[in-house]
Amino acid sequence: MNNAAPKAEGSRGAFLLDSTIAGTGPRGFDALRHVWETQIGDVFRLPSFSPATIGDLRVKGRAAKVRDVAIADVRSVSALAGTPGDDHDAVVMHVVRRGTWTLDDPPDRGERTVSAGQFRLRHFVRPYGFQTAPHTTTKILALPAARLSPVLGNRIITGPANSPEVRLLVAHTNMVHANIADLGPAGVQAAHSALIELAKAVVQGQFDDVEPRLAPALAQAAKDLADSHLTDPELYPAMLARQLNVSVRTLQRAFAATGESVAAYIRGRRLEEARLALSAPSGRLSVSELAAHWHFADSSHFIRAFKKQYGRTPADYASSTRPAKGRPGLDGHLSAGHAPGPPAYKRASDQ
């Protein structure tokens, strides 16, 4: 994985790839090599995979380049193994969500395995071997050594992937993936600066919580965290701030830049989940059960909030999404049909 200068100031690239179908084999590798070299290869070289990996390469992933930083999310169905073929000079970070990623360390340090829920960051100055278990999901960042080495030195940084600094960095990389195609020069500059600052925060174990460039990442990290705790009765701004190691005031200030309060985001997401439950084809909860499940004070509060959000009560909404039985058709005969459903909801964290 070679770190080289990008072709142009503000250059960027992005791609999606899915070769998870069994039997894709070398064709999957050829597709990966082509799109990788075309889009981000000038910053982050594709490794030299083992023959066994090439013969059964089943991966799904996305990658993006922001100047001299590359980000790749890789979900491997098959095991991966290999080593880059060229010397390189890059700070590389692995954040493993599922499975394991094993890396060769310097000769005196042996092999190290990054397990699910962990991250590892180090400066690589020579080719290194690696292997993964099947069904491994990993986020990989290649960062410019010149920017990170002064704070990293010869250290190898490891720790939990749910640390506040890693949460912010991951949230920011997800926003980069979602918006890279629409960024202008100023957006590329802002995205790149935040990537570098957040990577430094991981190295130092703390971030500057008053740095305005990091506010979007902080707000997104809080949203991702809230999304995973929507049924938790303790989900309040104070809990999110505590988990992200910031003050409630700092968190509220980050959300203010998005035009929404922390509490409003939590309430809106809970209402959205309740709406989806009301439109489910079977096993629907009652209004009082939904109010309790999503931690509204009582049914009245839930009904008022739902009507304010969607323009009708939960009962009216549920009735409108039920299949119409015996509804007169245009020709006077009875016909069965379905009322149009609500638009699909997609969270930022799912993108």
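What pLDDT does the protein average, and what percentage of the residues score at least 70? In this predicted model, the average pLDDT is 83, and 83% of the residues score at least 70. Confidence varies among the elements of the protein: the highest mean pLDDT, 96, belongs to helix H7 (residues 237–243), whereas the lowest, 30, belongs to strand S14 (residues 334–338). Over residues 325–351 the pLDDT is below 50, and the model gives this stretch 33 contacts beyond near neighbours in sequence. Residues 1–10 likewise have a pLDDT under 50, with 30 contacts beyond four places in sequence. Where pLDDT is low, the predicted coordinates should not be read in detail.

With respect to overall architecture, 12 helices and 14 strands are assigned in the protein. Of its 351 residues, 46% count as buried. Among contacts between residues at least 6 apart in sequence, 72% join residues at least 24 apart. The accessible surface comes to about 16,900 Å², and carbon and sulfur atoms account for 52% of this area.

At the level of individual side chains, Arg-62 was examined. Arg-62 is located in strand S3, which spans residues 59–66. Its relative accessibility is 17%, and Arg-62 therefore counts as buried, the cut-off being under 20%. The side chain of Arg-62 is joined to that of Asp-73 by a polar contact of 2.8 Å. A polar contact of 3.0 Å links the side chain of Arg-62 with the side chain of Asn-174.

Technical notes
Residues numbered from 1 in each chain as written. Predicted model: local features only at pLDDT ≥ 70, side-chain atom pairs only at ≥ 80, totals over all residues. Heavy atoms only, no water. pLDDT = per-residue confidence, 0-100. Helix = DSSP H or I, 4+ residues; strand = E, 2+ residues; numbered from the N terminus. Contact = heavy atoms within 4.5 Å. Buried < 20%, exposed > 50% of the residue type's maximum accessible area, 1.4 Å probe, protein only. Polar contact = N/O pair within 3.5 Å; in protein donor to acceptor, adjacent residues only side chain to side chain. Areas by Shrake-Rupley, 256 points an atom, 1.4 Å probe, with all protein chains shown as cover.
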